[in-house]
Protein chains: 2
Amino acid sequence: MPLAPLFRPIDVAPAYQKVADAIEREIVNGRIKPGDPIGTEHDLVRQFGVNRSTIREGIRVLEEGGLIRRDSSRRLHACLPRYSKLASRLSRALVLHEVTFRELYEASMTLEVASIEGAVERATDENLAELADNLMRSEAVVGDPALLAECDAEFHVLVAKASQNRVLQLAREPAAQLFYPTTEMIVTGVAEGGPRLVAAHRHLIDAIRRRDREAGVLWTRRHLQDWRRGFEKIASLDRSVEHMYMEHAQAARRR
Amino acid sequence: MPLAPLFRPIDVAPAYQKVADAIEREIVNGRIKPGDPIGTEHDLVRQFGVNRSTIREGIRVLEEGGLIRRDSSRRLHACLPRYSKLASRLSRALVLHEVTFRELYEASMTLEVASIEGAVERATDENLAELADNLMRSEAVVGDPALLAECDAEFHVLVAKASQNRVLQLAREPAAQLFYPTTEMIVTGVAEGGPRLVAAHRHLIDAIRRRDREAGVLWTRRHLQDWRRGFEKIASLDRSVEHMYMEHAQAARRR
DNA sequence: TGCTGTCCCTTTGTCCGACAAAGTTAGAGC
DNA sequence: GCTCTAACTTTGTCGGACAAAGGGACAGCA
């Protein structure tokens, strides 16, 4: 029988962590709003009563977490964490955990179908305009796998955006970021890949415009199955995502 | 007509960022494997030829990103980023973006249904044993909303784990973390909430064991609809997730 | 033998002071 | 009113310093 707990574990966090936590708390509970300035390092030195080096370590933590940024003049201010930056953290984690393409495919099937359902139900005219613009640009680069893959990635981001569900938007992003580089490979390797991709996008936009849920789901499924078939021509679905893909995610994060 | 690009944009990143990037690169492309030691700060000072303060700022970045940790003796080593830690970053972002409970509910409906489908298809005996154990513990604390909510959160993590799809596992986590505190409130407020919750879990385990997909989906839907009905008794689904919820996510992250 | 306490070395967390480069501000000059 | 310049501020980096905590070796003791 263990002894009755007489003492609570005492909180021994290094000072830089406490600095970061203190600022984080003010941001997440709204006392510091996104866009508000945080003050200079010297200000923080005075407020927290610790050395500037300590403050700077705390700032790095918050910066990496996406809670604060430095503007053009390098001054600190709070900001809304950006989905794509956070998502590339997750993509990185998925790569390190060596998830398989099958897992990516299965999860994406779920997430993209949910996105299109939301989009069919709630897309605005502005969403549709963005999608149409994307389609035009896709048609123009149908012969260039790299650019087309980029357009494809953007297309699905726009569909998710049209769903008006930011949780979904965020949830689909990590897997999508890992898809992107493979799309390029597939379009390169499969002759009719580019035109089929663009055709699927056209049908999807059409389904959204007509609020035709069945068609939206159907074409999303086909679109992903096309990806799958293309991928299986060059590799096994059970292969794990390779480290090389991280290059893309890293580049995306820095943007 | 712009001039032909004669120069590439040069990479002007601060030194601490370059240190972090260099170490990150080695980890994500596998030259440093999870668990490998990184070396002491002094080692890194020698290797990179910069000051220890600079090294330390770079380390903070990687630490926050979950790529490296300090073990009990505070020595640095590479590690696999933990889903729950990353997910709490995302939860934090969702709170700051002020997503509504409706968005959470809709996305979770999709993600939890997908999880149970995967679990029904692929759960192992070990997964089932963990779920059964969770159920037992839930039954024991059915009268204590806080503990029951904790069990409920764990239950759904286990279902996602049983789906054997780590992408799904990761995708559902951020939303789930925001659900958790509300579950406690609902079980407190609705008299029959606790027993219904446990009953749903029992049916879900049963469905997984019998590999009965229909039943799994059905009971997952009911379970979530129960949550929704309970929630609507105390607030509107269109209310945005409040900053106070972050307290829970923060606590979870530190674990 | 197995446990304990001690000394020494390493490592981390923190502090101080310093300086160049880049950005900001205020004022002079037109 | 506008531009240009000269302070001033802020950041990024550096060097060195020191206390506290851990790890390891070693002696002392049951």
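## Contacts in a predicted protein–DNA model

In this predicted model, the surface near DNA strand D is made up of 5 nonpolar, 6 polar and 5 charged residues. Of the 16 residues around DNA strand D, those that come nearest are A:Glu41, B:Ala15, B:Val50, B:Asn51 and B:Ser73. Two or more residues each are given to this surface by helix H2 (41-48) of chain A and by helix H1 (15-28) and H3 of chain B.

DNA strand C has 17 residues around it, and the nearest are A:Pro14, A:Ala15, A:Val50, A:Asn51 and A:Ser73. The elements that each supply two or more residues to the surface near DNA strand C are helix H1 (15-28) and helix H3 (52-64) of chain A, along with helix H2 (41-48) and helix H3 (52-64) of chain B.

The two protein chains also meet one another. Their contact takes 41 residues from chain A and 42 residues from chain B. On the side of chain A that touches chain B, two or more residues each come from H3, helix H4 (83-96), helix H5 (101-122) and helix H8 (166-189) of chain A. H4(A) gives the most to this side, with 8 residues.

The table sets out the residue classes of the surfaces described above.

| Surface | Nonpolar | Polar | Charged |
|---|---|---|---|
| Near DNA strand C | 5 residues | 7 residues | 5 residues |
| Near DNA strand D | 5 residues | 6 residues | 5 residues |
| Side of chain A that touches chain B | 24 residues | 8 residues | 9 residues |

Notes: Residues numbered from 1 in each chain as written. Chains lettered and ligands numbered in written order. Predicted model: local features only at pLDDT ≥ 70, side-chain atom pairs only at ≥ 80, totals over all residues. Near = placed C-beta within 6 Å. Helix = DSSP H or I, 4+ residues; strand = E, 2+ residues; numbered from the N terminus. Nonpolar A, V, L, I, M, F, W, Y, C, P; charged D, E, K, R; others polar. Contact = placed C-beta atoms within 7 Å.
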